[in-house]
Amino acid sequence: MNEWLFLIPGFPLLGALLNSIFGEHFSPRQIGRMAATMPFLSTLVVFAVWMTHGRDPNLHEQVWTWISVGNFHANIGFHVDQVTLVMISIASFVGFLIHLFSQQYLNGDYGERRYYFYLNLFVGGMLILTMADNLLLLYLGWETVGLCSYALVAHWYRKQENAWAGRKAFVVTRIGDTALALAIFILFAEYHTLNYHTLFAAVAARPDLLALTIAGILVLIGAVAKSAQFPLHIWLPDSMAGPSTVSALIHAATMVTAGVYLCIRLYPIFAAVPGMLWVIGLSGAFTALYAASCGIAQVDIKRVLAYSTISQLGYMFLGVGIGAPSLGLFHLLVHACFKALLFMGAGVVILIYSDNHDIRQMGGLKKQQPFLRWTFLAGIFALAAVPVISASFYSKDAIIATAFIVPGGKLLWVLALLGAVFTAIYAFRLYFLVFEGPEKLGEPYQMGWGMKIPLGILAVASIGIGWLQFPPGWPGPKIWLPWLAPELGMPPAPSGDVNIFLQVAGSVATLIGIAIAYKAAQWEREGRGLSRIAFLFNAWFFDRIFLRIFPPIWYAFAHILDRLIEQGGFQLMLLGGLRDGFGLGSRALEAGENGLISRYASGMILGLVVLLFIAWGYLL
Amino acid sequence: MNAFLLHWTFAIPEIWVLIMACVVLLADLYLGERLRDVAPVLTVLTLLGAAVLTFFELGQSGTTFAGLLVLDPFTNVAELFSYLAVLMVVLYSRRYLMDRGIYRGEIYVLLLFALLGVMVMVSGANLLSIYLGLELLALSQYALVAFNRDSLVATEAGLKYFVLGALASGLLLYGMSLLYGLTGTLEVRHIAAALVNVTSSNLILVFALVFIVAGIAFKLGAAPFHMWLPDVYQGAPTVVTTFLASAPKIGAFALIIRLLVDGGYGMLESWQQIFIALTLVSLVVGNLIAIAQQNLKRMLAYSTVGHVGFLSLGIVAGTEAGFASAFFYTIVYVLMSLAGFGMILLLTRAGFEADRIDDFKGLSQRKPWYAFLMLIIMFSMAGVPPTVGFYAKLAVFQAVIAAGYVWLAVIGVLLAVIGAFYYLRVVKVMYFDAPEPESGPIVRDDLASATLSINSLALLVLGIVPGPLMAFCFYAMQGVI
């Protein structure tokens with residue numbers, strides 16, 4: 001299996017390449033099918049990895065070394081362990097389902113080839129990111145998915161605000177990208193290697209607290225920006241301008257989880273710095289609560305889900321921060337399933353209501369679209385973590401419960417539990433408003449099998465995938481944590497009375513939330529809903545405040561640089577001095593070459609004499 | 001079998017090219033009127049055949065014809081790349097020559113004889129055979145430059161090249177005769193043995209080395225022996241310019257290997273100093289003057305001078321890695337020039353030479369694919385990663401730093417930055433300027449277009465995977481030192 005790993009990212013990249021070269025010779029429909037085949041082939045390879053090495057994967061493939069200078073090696077090397085295997089399964093399989101769903105969803109739209117090109121490239125980039133065995137290759141994937149995110153958010157670029165949203169997503173994540181690059185530089189300068197394996201060994205052998213702290217903070221900034229955590233979350237709600245399938249793939253299931261993946265991957269670095277993990281946990285818990293509170297007041301169906309994504313990612317960070325990265329990864333997997341489902345479902349809902357995103361103007365869709373209703377409801381169950389019968393109950397509630405028992409975790413637990421209440425509120429408020437209540441007719445829309453199959457698969461997963469790991473003290477399989485233990489260790493688990501208390505608390509939080517949601521939906525229909533709370537509706541005004549403060553400061557800074565450095569320094573010095581100097585020198589030298597053969601011959605003889613003197617002088 | 005003919009099979013590729021050149025000449029004479037493509041097709045077959053023959057010789061080594069010719073890894077590798085270069089020229093040439101009414105067999109015969117000259121230079125182990133090869137190449141080149149005899153600029157360029165070339169040949173020959181006087185032998189390896197007993201401060205030896213280096217520098221196009229280059233590059237038909245910038249440079253590099261390394265490696269310190277001077281002057285002159293050029297062929301000529309400066313860095317290093325990197329640079333330079341001039345060829349049509357930089361204005365709107373290929377070519381010439389030009393520069397810098405000449409590397413890098421200016425200006429013109437109305441339509445030419453695509457993309461691919469080519473260059477340098 002080792003020597004075939006490159007095929008996993010290779011197929012989607014090949015698809016992007018073929019599309020870009022031969023795309024114009026085929027119809028968009030054919031291109032779409034070709035594009036969907038590629039992640040399917042990747043999925044098959046991933047499946048083969050599961051079959052052959054699933055029990056204890058530890059695969060490594062060194063494809064080739066691009067540059068090797070001193071102790072810097074730009075290696076293309078892939079590594080597959082438990083964490084990677086989970087990530088690539090999500091990226092390839094969910095990626096495939098979304099490609100499949102796109103066939104009908106995007107049919108007849110403009111820019112389909114471009115869409116499939118970026119979608120394929122994205123899946124390839126995501127697979128590289130997760131399979132890389134060194135930080136440099138990870139960064140390549142990191143940047144690739146960032147680029148694709150930008151291009152796909154701005155996919156319908158003919159509308160000004162969509163292009164603007166794409167730019168915003170790009171610029172904000174750019175902050176994190178830069179921080180991550182700096183972190184990689186620091187780690188390399190300190191430990192002279194970028195390979196995870198040797199890097200972690202070097203960190204363990206010789207922890208340099210200062211360098212690790214700075215690098216850790218920078219990595220965290222990178223992860224926070226990519227995963228849309230507070231305060232760099234402001235790009236994600238706007239990125240909903242892209243097609244719903246893009247939101248499902250990039251802004252729910254895969255790219256935004258790259259930050260979580262990075263934190264899990266570089267866990268040894270964070271663990272080496274005291275207090276660092278707690279900061280990650282606090283950041284996650286606060287974001288979880290904050291974004292959930294914003295979610296309850298949104299009226300745009302996709303913005304509800306966007307804030308929900310931010311919030312859910314917060315729980316994953318919380319999982320990493322409290323020393324339970326395997327639970328964080330568990331929730332990542334669960335979230336990928338139900339959030340991709342919800343986004344695709346929302347995409348259909350938007351189509352039915354002819355591009356109207358306002359949930360207040362929807363209602364009673366359950367009669368017209370029973371299949372959509374049941375699958376969507378499965379996703380909502382998972383999002384709200386309905387006890388026992390939804391996957392999130394086993395992942396998210398486990399994180400919240402674990403937060404309670406780790407040192408310094410009580411505060412995090414309170415934040416996370418409050419967040420869980422809000423989560424249940426916005427999840428069911430969304431469901432009640434869209435599918436229950438008085439029927440508001442939209443356009444009839446017939447979902448084809450290409451749409452129903454992905455939704456069905458994901459709905460089943462949203463309910464059932466949590467049963468991989470039952471809480472401690474329950475009968476039932478406990479597969480997930482022991483399977484990950486060789487790599488991530490066993491997280492602390494509550495026991496006894498505390499355990500029961502925590503589980504009851506988590507369940508009660510959800511049920512309270514659902515009850516409030518029922519009322520909230522009624523209020524909303526009556527025109528006096530939560531959306532009237534401007535503070536929550538505008539996401540605590542952070543976006544506006546940031547836009548008010550930072551761009552002007554940045555423009556002023558750029559302006560000063562322009563005046564002082566560019567105009568004053570470079571223009572004067574380079575244009576005035578260097579350029580004219582080179583120009584003069586160039587013309588002076590050229591003047592010696594006037595096309596006359598005698599001049600050329602004498603030049604040669606002169607050169608010869610000078611060379612003679614040089615050689616002779618050296619010998620004397 | 002007598003001693004003279006011992007191992008004559010080592011010279012089979014040379015013999016094959018010689019015979020085939022005559023065959024092409026005859027075939028064109030009798031069939032050329034009816035089958036206009038007979039000469040180029042036969043030429044391509046000749047090159048492929050030669051490649052096969054050379055391929056079978058890989059791994060063998062020894063001398064033949066009483067030490068006149070030598071077969072070693074360098075011979076094989078350099079010859080293979082020479083075939084490749086000539087093959088590309090042939091593939092590029094067809095439409096250009098047709099448009100100008102000079103699509104005749106002679107040009108291919110001359111190309112083959114010039115190639116034979118390069119092959120003899122590459123495999124020469126005796127001052128006589130080396131000189132013969134050089135002159136065979138030079139005479140063919142003079143005729144090629146003036147091939148379009150009705151063109152005033154072309155004949156002028158041919159004459160200039162001839163006069164200055166004769167002068168350079170004289171210098172080289174003078175240096176060789178001094179060397180012969182000093183050592184009493186014409187065979188390169190015997191010269192190397194004899195030089196062991198000569199003190200390096202010997203004035204005659206200094207003269208001999210300087211004259212030989214001057215002759216080589218002329219062929220390479222190193223400043224201050226470069227002045228023919230811009231005029232000839234600009235004046236010659238573009239097909240011929242493409243050739244001038246390709247295989248002959250491999251031949252000139254072979255002169256360094258055969259004369260200075262095989263013969264005069266013991267005198268390394270002496271000619272190293274001369275090469276440092278040549279390198280510095282070439283880097284400055286080439287890169288500075290290129291800035292002011294409006295004509296692309298002229299700009300590429302000066303850029304050639306600059307490239308020769310860079311490749312000389314590897315020779316200055318004087319180590320195996322240095323020579324290998326210089327050889328790598330030479331091959332890369334050949335590929336880049338072929339692509340650069342090939343691009344000009346592709347944009348020309350009857351009465352329009354497309355050799356001004358302004359002719360490339362707005363190319364990205366007129367033909368995006370060509371603009372992209374030209375982008376790769378220019379990036380590669382400027383040494384921007386991930387193109388192979390970056391690797392070539394990196395390799396020579398590494399070699400020269402390893403040899404202890406950090407200051408030379410610093411100057412090289414600075415001038416590479418200056419050089420980037422005029423390469424990137426072409427890119428800027430292609431992508432940011434509006435096309436000029438007189439640019440007119442681009443004539444369709446599938447053969448040349450496909451060749452150019454492969455050629456340019458090779459610059460990118462080799463930049464991403466430089467290992468095999470570099471290993472090949474190291475293989476070529478086996479046994480040279």
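In this predicted model, about 3,200 Å² of area is buried between chain B and chain A, and carbon and sulfur atoms give 78% of that area. Seven helices of chain B each supply at least two residues of the side that touches chain A: helix 6 (152-183), helix 8 (203-220), helix 9 (228-235), helix 12 (268-291), helix 13 (296-317), helix 17 (388-402) and helix 19 (446-464). Helix 12 of chain B gives the largest share of this side, ten residues. By residue type, the side of chain B that touches chain A divides into 33 nonpolar, eight polar and four charged residues. Contacts across the interface bring together 45 residues of chain B and 26 residues of chain A. Polar links between the chains amount to one residue pair in polar contact, with both residues at pLDDT 80 or more, and the rule finds zero salt bridges between chain B and chain A.

Salt bridges do occur elsewhere, and a search of the whole structure finds 30 of them over all chains. In chain A, a salt bridge joins the side chains of Lys168(A) and Asp238(A), with an N to O distance of 2.4 Å. This pair links distant parts of the chain, 70 residues apart: Lys168(A) belongs to helix 6 (residues 160-191) of chain A, and Asp238(A) to helix 9 (residues 235-238) of chain A. Both Lys168(A) and Asp238(A) are buried. Chain A also holds a network of salt bridges that links Glu143(A), Arg174(A), Asp177(A) and Lys226(A). As a general point, side chains of opposite charge can pair when their charged atoms come close.

Two salt bridges of chain B may be set beside these. Arg95(B) and Asp99(B) form one of them, with their closest N and O atoms 3.0 Å apart. Both residues lie in helix 3 (residues 73-99) of chain B, four residues apart, which is about one turn of the helix. Arg95(B) is classed as buried because its relative accessible area, 9%, falls under 20%. Asp99(B), in contrast, is partly exposed at 29% relative accessibility. A second salt bridge pairs Arg356(B) with Asp359(B), and here the closest N and O atoms are 2.7 Å apart. In this pair Arg356(B) is the partly exposed partner, at 33% relative accessibility, while Asp359(B) is buried at 4%.

Covalent cross-links through sulfur are a separate matter, and the search finds zero disulfides over all chains. Two cysteines of chain B illustrate different surroundings: Cys22(B) is partly exposed, with 35% relative accessibility, and Cys473(B) is buried, with 0%.

Helix 12 of chain B, the helix with the largest share of the side that touches chain A, also contains Asn287(B). Asn287(B) has a relative accessible area of 2% and is therefore buried, the limit being 20%. Its side chain makes a polar contact of 2.8 Å with the side chain of Tyr422(B). The side chain of Asn287(B) also reaches the backbone oxygen of Leu283(B), at 3.1 Å. Setting aside neighbours within four places in sequence, the residues in contact with Asn287(B) are Ser282(B), Gly306(B), Phe310(B), Leu415(B), Ile418(B), Gly419(B) and Tyr422(B). Phe432(B), by comparison, is found in helix 18 (residues 406-432) of chain B. Phe432(B) counts as exposed because its relative accessible area of 66% is over 50%. Its C-alpha atom is separated by 23 Å from that of Leu457(B), a residue 25 places away along the chain.

The backbone has some noteworthy points as well. Most residues other than glycine have a negative phi, and most peptide bonds are trans. In chain A, a cis peptide bond with omega of about 0° joins Phe230(A) and Pro231(A), and Pro231(A) lies in the loop between helix 8 (209-226) and helix 9 of chain A. In chain B, the peptide bond from Ala223(B) to Pro224(B) is cis, with omega near 0°, and Pro224(B) is in the loop between helix 8 and helix 9 of chain B.

Positive phi values are found in two loop residues of chain A. Val388(A), which is not a glycine, has a phi of about 70° and sits in the loop between helix 17 (370-384) and helix 18 (391-405) of chain A. Val388(A) is partly exposed, with a relative accessible area of 40%. For Phe541(A), phi is near 65°, and the residue is found in the loop between helix 23 (534-537) and helix 24 (542-591) of chain A. Phe541(A) is likewise partly exposed, at 27% relative accessibility.

Note on methods:
Residues numbered from 1 in each chain as written. Chains lettered and ligands numbered in written order. Heavy atoms only, no water. Contact = heavy atoms within 4.5 Å. Buried area = accessible area lost by both parts, 1.4 Å probe. Salt bridge = Lys/Arg side-chain N within 4 Å of Asp/Glu carboxyl O. Polar contact = N/O pair within 3.5 Å; in protein donor to acceptor, adjacent residues only side chain to side chain. Nonpolar A, V, L, I, M, F, W, Y, C, P; charged D, E, K, R; others polar. Disulfide = S-S within 2.5 Å. Buried < 20%, exposed > 50% of the residue type's maximum accessible area, 1.4 Å probe, protein only.
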